Amino acid sequence: GTSWARQAKFSQPASSSNYGNSVDISKNGDYAIVGDWTQNSDTGKAYTYKRTSTSWALEGTLTASNAGSGDRFGICARINDDGTYAAVGAHYEDTGETNGGLVYVFTRSGSTWSQQASFGPNVNAASAFFGQAMDISGDGKVIASHRKNSSIYSVDIYDRDGTSWTYRRNLTRSAGSEKWAGGLNKSVAISRNGKVIVAGSGNQNHPSSGDEAVGALYIWKAG
């Protein structure tokens, strides 16, 4: 049909100021995830919801196993097609380097969510902000996240074999002038089978007119 009607409204389970800053929904429409990076002095949380008919209920509260004040867990929250895998970024996490960032992977068994893994950028660097923009493939086997190194962002790819996640490669954009340094700094999306990745370069200047910060989109396809 052509008519849309509001089905539900989620309210923050705990006091925060950025609940809903990052959201995603499974392809089957049965699961949703909401990031809340300001919760508990910017430690952050993410919440998963389950739909039954037309009713939605909170199912899981996701937190990092090494949660720390200021990590901003929940800055980016993504869920796969059938709601069995979720990925949550904490771009100010300091395990590797100051503000190097981590991505946390969670799995669902029945109605129980548990952390499966966490990983940082392939090249540790201060203020890499890994996890600020990322996505998980529909089959839950590939994660792509941008990272910053020497003022330029690129995209790291990790894939899953069983319960283990392994770095595979780094994607970079072609050369181009920018109004502000940044590169692939805006958003990342990945196809269901993990074979196609797109990333935005919001500050890139137009290659022919020279107009500043018009942006560009880059697409990669696995062979």
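**Exercise 1. Strand 2 and its partners**

Strand 2 is mostly covered, with 6 of its 6 residues buried. Keep in mind that you are looking at a predicted model. Your task: work out which residues lie on each side of strand 2, and find the strands that pair with strand 2.

*Solution.*

Step 1. Take the two faces in turn. Tyr 31, Ile 33 and Gly 35 sit on one side, while Ala 32, Val 34 and Asp 36 sit on the other. Both faces are covered, and these residues are all buried.

Step 2. Look towards strand 1. Strand 1 and strand 2 are joined by 4 bridges in the antiparallel sense. Here Asp 24 is found opposite Ile 33 of strand 2.

Step 3. Follow the turn between them. The hairpin of strand 1 and strand 2 has 5 residues between the strands, and Gly 29 there takes a positive phi near 75 degrees.

Step 4. Now look towards strand 3. Strand 2 pairs with strand 3 over 6 bridges, again in the antiparallel sense. Val 34 has Tyr 47 of strand 3 as its bridge partner.

**Exercise 2. A tyrosine in strand 3**

Tyr 47 is found in strand 3. Is Tyr 47 buried or exposed?

*Solution.*

Step 1. Read the relative accessible area of Tyr 47, which is 2%.

Step 2. Compare it with the cut-off: buried means under 20%. Tyr 47 is therefore buried.

Step 3. For a distance to check in your viewer, pick the C-alpha atoms of Tyr 47 and Ala 14. They are separated by 11 Å, with the two residues 33 residues apart along the chain.

**Exercise 3. Salt bridges**

How many salt bridges does the structure hold? Examine three of them, starting from Arg 51, Asp 42 and Arg 168.

*Solution.*

Step 1. The count is 5 salt bridges.

Step 2. Start with Arg 51, whose salt bridge partner is Asp 30; their closest N and O atoms are 2.5 Å apart. Arg 51 lies in strand 3 (residues 45–52) and Asp 30 in the loop between strand 1 (22–25) and strand 2 (31–36), so this pair ties together parts 21 residues apart in sequence. Arg 51 counts as partly exposed at 22% relative accessibility, and Asp 30 counts as partly exposed at 22% as well.

Step 3. Move on to Asp 42, which forms a salt bridge with Arg 72, with 3.8 Å between the closest N and O atoms. This pair links distant parts of the chain, 30 residues apart: Asp 42 is in helix 1 (residues 39–42), and Arg 72 is in the loop between strand 4 (55–62) and strand 5 (73–79). Asp 42 is partly exposed, at 22% relative accessibility.

Step 4. Finish with Arg 168, whose side chain meets that of Asp 159 in a salt bridge of 2.8 Å, N to O. Arg 168 has 49% relative accessibility and counts as partly exposed. Asp 159, at 21%, counts as partly exposed too.

**Exercise 4. Two pockets**

Which strand gives the most to the lining of the largest pocket, and which to that of the second largest pocket?

*Solution.*

Step 1. Begin with the largest pocket, which has a volume of about 300 Å³. It is lined by 15 residues, and the closest to its centre are Ile 157, Gly 194, Lys 195, Ile 197 and Ala 222.

Step 2. Sort the lining by strand. Strand 11 (152–161), strand 12 (164–171) and strand 15 (216–221) each supply at least two residues. Strand 12 gives the most, with 3 residues.

Step 3. Sort the same lining by chemistry: 6 nonpolar, 2 polar and 7 charged residues.

Step 4. Turn to the second largest pocket, with a volume of about 150 Å³. Its lining includes Asn 21, Ile 75, Cys 76, Arg 78, Met 134 and Lys 186. Strand 5 gives the most here, with 3 residues. The lining divides into 5 nonpolar, 4 polar and 2 charged residues.

**Exercise 5. An open sheet**

In what order do the 3 strands of the open sheet stand, and which strands are at its edges?

*Solution.*

Step 1. The order is 13-14-15, with antiparallel pairing.

Step 2. Strand 13 (188–190) and strand 15 each have a single partner strand, so they stand at the edges, and one side of each is left without a neighbour in the sheet.

Step 3. Neighbouring strands of this sheet are turned against each other by 15 degrees on average, direction ignored.

Step 4. Zoom in on one pairing: 3 bridges join strand 13 to strand 14 (residues 196–201). Ile 190 stands opposite Ile 197 of strand 14, and Ile 197 is also among the residues closest to the centre of the largest pocket.

Terms used. Residues numbered from 1 in each chain as written. Predicted model: local features only at pLDDT ≥ 70, side-chain atom pairs only at ≥ 80, totals over all residues. Heavy atoms only, no water. Salt bridge = Lys/Arg side-chain N within 4 Å of Asp/Glu carboxyl O. Buried < 20%, exposed > 50% of the residue type's maximum accessible area, 1.4 Å probe, protein only. 1 Å grid on protein atoms, 1.4 Å probe; cavity = no way out; pocket = protein on both sides within 12 Å on 5 of 7 lines; lining within 4 Å. Points joined across faces, edges and corners; volume = space filled by probe spheres on them. Nonpolar A, V, L, I, M, F, W, Y, C, P; charged D, E, K, R; others polar. Pairing = 2+ DSSP bridges. Axes fitted to C-alpha atoms, helices over the stretch in contact; angles between N-to-C directions.
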